[in-house]
Amino acid sequence: MRSVTLSAALVVAASGALANADAPKPTFSRTSVKAPFLEQFTDDWSSRWTPSEATKKTPVGGETFSYVGQWSVEDPSSSFIEGDKGLVAKSKAAHHAISAPFAKPIDFKKQPLVVQYEVKYQKGGNCGGGYLKLLEDGFQTSGKEFSDTTPWVVMFGPDLTCPGTKVHFIVRHKSPKTGAVEEKHLKLAPHPSIEKLTNLYTLVLHPNNTYDVLVNGQSEKTGSLLEDFEPPFNPPKEIDDPEDSKPEDWVDEEKIPDPDAKKPEEWDEDAPYEVKDEEAVKPEGWLDQEAPTVPDPDATKPEEWDDEEDGEWVAPTVPNPKCKEAPGCGEWERPWKVNPLWRGKWAAPLIDNPAYKGEWAPRKIANPGFFEDKVPVKTLPKIGGVGIELWTMTEDILFDNIYIGHSVDDAKKLAAESFEVKKPLEVAADKPAEDDKEEDDKVSFREDPIEWIRSNLFDFIDLAKSNPVEAFQTQPEIGVVLVGLIFTLFGMIGALFGLVGGASKPVITKSSKKTDAATPDDKKKTETAPVAPAGETKKDEEKVKKRK
């Protein structure tokens with residue numbers, strides 16, 4: 001019953017897959033989702049985004065770098081939704097910066113902050129960022145002057161750190177005590193794989209300080225701002241006294257050599273580590289007169305060998321065949337063993353140091369910069385815009401479907417309209433490309449149809465058990481062959497039953513007798529040659545074959 005069910009599923013999947021093969025690509029349409037900021041890079045994108053023309057100075061001054069990386073809104077290199085374009089960082093080994101202001105600042109003190117967008121490393125990963133910076137309100141109009149020094153509130157997104165990957169979640173927090181701004185980095189950030197396909201990154205930051213980092217809709221890291229960031233949002237109440245120093249007479253050596261210990265008289269520091277094993281005996285059958293290697297008797301001097309220029313030709317050596325069965329050949333020597341008298345250099349044993357005072361540490365004093373911010377989310381400034389500022393060795397990094405707002409449900413709806421449509425299509429299209437590396441080693445259907453079907457059939461059936469449609473999408477040629485075999489088998493079974501039903505009267509056993517009457521020999525034949533049950537004769541034949 002299970003095979004019939006699977007066969008039926010395969011037939012249905014085949015019809016669906018074959019129908020979809022000629023179906024047009026999905027067409028992009030602007031989403032109905034509303035948000036404080038939502039960008040799908042439609043034709044009017046340039047009215048919202050401004051590429052930076054700023055100059056970036058090195059920490060020591062002097063040499064400068066400009067944001068010369070080019071930006072373009074274009075179709076992906078592999079497009080699966082007609083008309084779905086994205087913002088692409090085009091230049092390799094260049095500084096890129098671009099930003100867009102919000103219609104009005106976003107305040108997330110009372111509502112969640114939801115950030116979601118897609119990134120596609122179209123040329124693969126080679127040291128390149130793909131993160132967003134949520135700009136502090138008041139600096140979103142930097143435009144052409146947007147740079148790495150433009151104040152931001154949250155930085156979020158993937159980064160190829162060379163080696164490895166990381167999803168950044170960094171918050172710039174201002175001390176209410178000193179006014180100093182410090183970057184707080186998420187500890188143990190997610191490290192997902194980043195391939196050439198589209199990936200979806202989502203950050204949800206709640207007013208109660210909790211957060212959730214998701215990759216492709218799956219939660220990768222959850223926790224609290226008060227527990228998971230380094231340095232912590234709240235500084236310690238006490239700190240080490242910077243003016244305290246270790247006293248000169250402070251003893252922090254816990255162990256010292258025993259001053260009363262003396263080297264034993266029998267301790268020989270010059271004794272070797274290994275000595276010849278005097279108890280060893282030459283194995284019986286050892287061939288002393290045979291060399292371990294001998295000239296190769298089959299070797300011949302090359303015709304082009306010139307004794308005057310190349311010297312006298314000497315045949316290469318090969319292992320002595322006489323030594324294969326013997327325990328050894330050549331002059332026998334005693335093996336080495338560890339010297340039982342070896343001690344090495346003597347050193348006095350360690351004892352507790354009577355003058356030990358413990359490990360020194362500076363005294364603690366009250367932290368002049370101490371404060372306690374129990375709800376740091378509520379003290380963060382409003383967000384006025386979004387920027388992408390990065391240096392990358394990878395070109396053609398694509399950004400798309402940026403959502404910045406307050407609704408997790410709306411972000412999911414946008415993902416369902418875009419990411420969840422294109423990603424399965426990308427995965428299905430990418431699989432044959434991965435298999436191309438092995439094509440040279442595989443036989444073609446024309447060369448050996450039986451071997452071709454055998455080598456591909458089991459993988460197809462295993463995938464079809466869990467996802468028949470995907471099986472036909474990834475291996476349509478196997479699906480077509482299998483469906484043809486299924487219909488052929490059903491036809492043969494039907495024809496067989498038709499023949500059997502129409503031929504029920506013919507004699508089914510042969511007899512050499514010309515009469516139906518019993519003969520004296522019938523009983524004897526029955527006793528000496530009983531008729532075997534169906535299949536038993538075959539078993540006997542198989543047993544004989546196995547004995548061979």
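The following exchange covers the sheet, the disulfide and the nonpolar cores of a predicted model.

Biologist: How are residues numbered, and which pLDDT values apply in this predicted model?

Modeller: Residues are numbered from 1 along each chain as its sequence is written. Side-chain values use heavy atoms, with hydrogens and water left out, while totals for chains, interfaces and linings use all residues, local features need pLDDT of at least 70, and side-chain atom pairs count only at pLDDT 80 or more.

Biologist: In what order do the eight strands of the open sheet lie?

Modeller: Strands are DSSP runs of E, at least two residues, numbered from the N terminus, and two strands pair if DSSP finds at least two bridges between them. The pairing in this open sheet is antiparallel, and the order is 2-7-25-9-10-11-12-16.

Biologist: Which strands are the edge strands?

Modeller: An edge strand here pairs on one side only. That applies to strand 2 (50-51) and strand 16 (229-230).

Biologist: Which residue of strand 7 stands opposite Pro-51?

Modeller: Strand 2 and strand 7 (residues 94-106) are antiparallel and share two bridges. Opposite Pro-51 in strand 7 is Ile-98.

Biologist: How many bridges pair strand 7 with strand 25?

Modeller: Strand 25 covers residues 383-392 and pairs with strand 7 in the antiparallel sense. Within strand 25, Glu-389 stands opposite Ala-97. The number of bridges between strand 7 and strand 25 is nine.

Biologist: Which residue of strand 12 stands opposite Arg-172?

Modeller: Strand 11 (residues 165-174) and strand 12 (residues 181-186) run antiparallel and are joined by five bridges. Opposite Arg-172 in strand 12 is Glu-183.

Biologist: Is the link of Cys-323 and Cys-329 left-handed or right-handed?

Modeller: A search of the whole structure finds one disulfide, a pair of cysteine sulfur atoms within 2.5 Å. The sulfur atoms of Cys-323 and Cys-329 are 1.9 Å apart, and both residues are buried (under 20% relative accessible area, 1.4 Å probe, protein chains only). The angle about the S-S bond is -120°, and the link is left-handed.

Biologist: Which residues touch the most other members of the largest nonpolar core?

Modeller: A nonpolar core is a set of buried Ala, Val, Leu, Ile, Met, Phe, Trp, Tyr and Cys residues joined through side-chain atoms within 4.5 Å. The largest one has 58 residues, and its largest share, six residues, comes from strand 10 (residues 152-160). The residues touching the most other members are Phe-156, Phe-169, Phe-399 and Ile-404.

Biologist: What does Ile-404 touch, not counting residues up to four places away in sequence?

Modeller: Contact means heavy atoms within 4.5 Å. Its partners include Phe-37, Phe-102, Leu-134 and Val-386.

Key. Helices (H or I, at least four residues) and strands (E, at least two) are DSSP runs, numbered from the N terminus. Buried means under 20% relative accessible area, exposed over 50%, partly exposed in between (1.4 Å probe, protein chains only).
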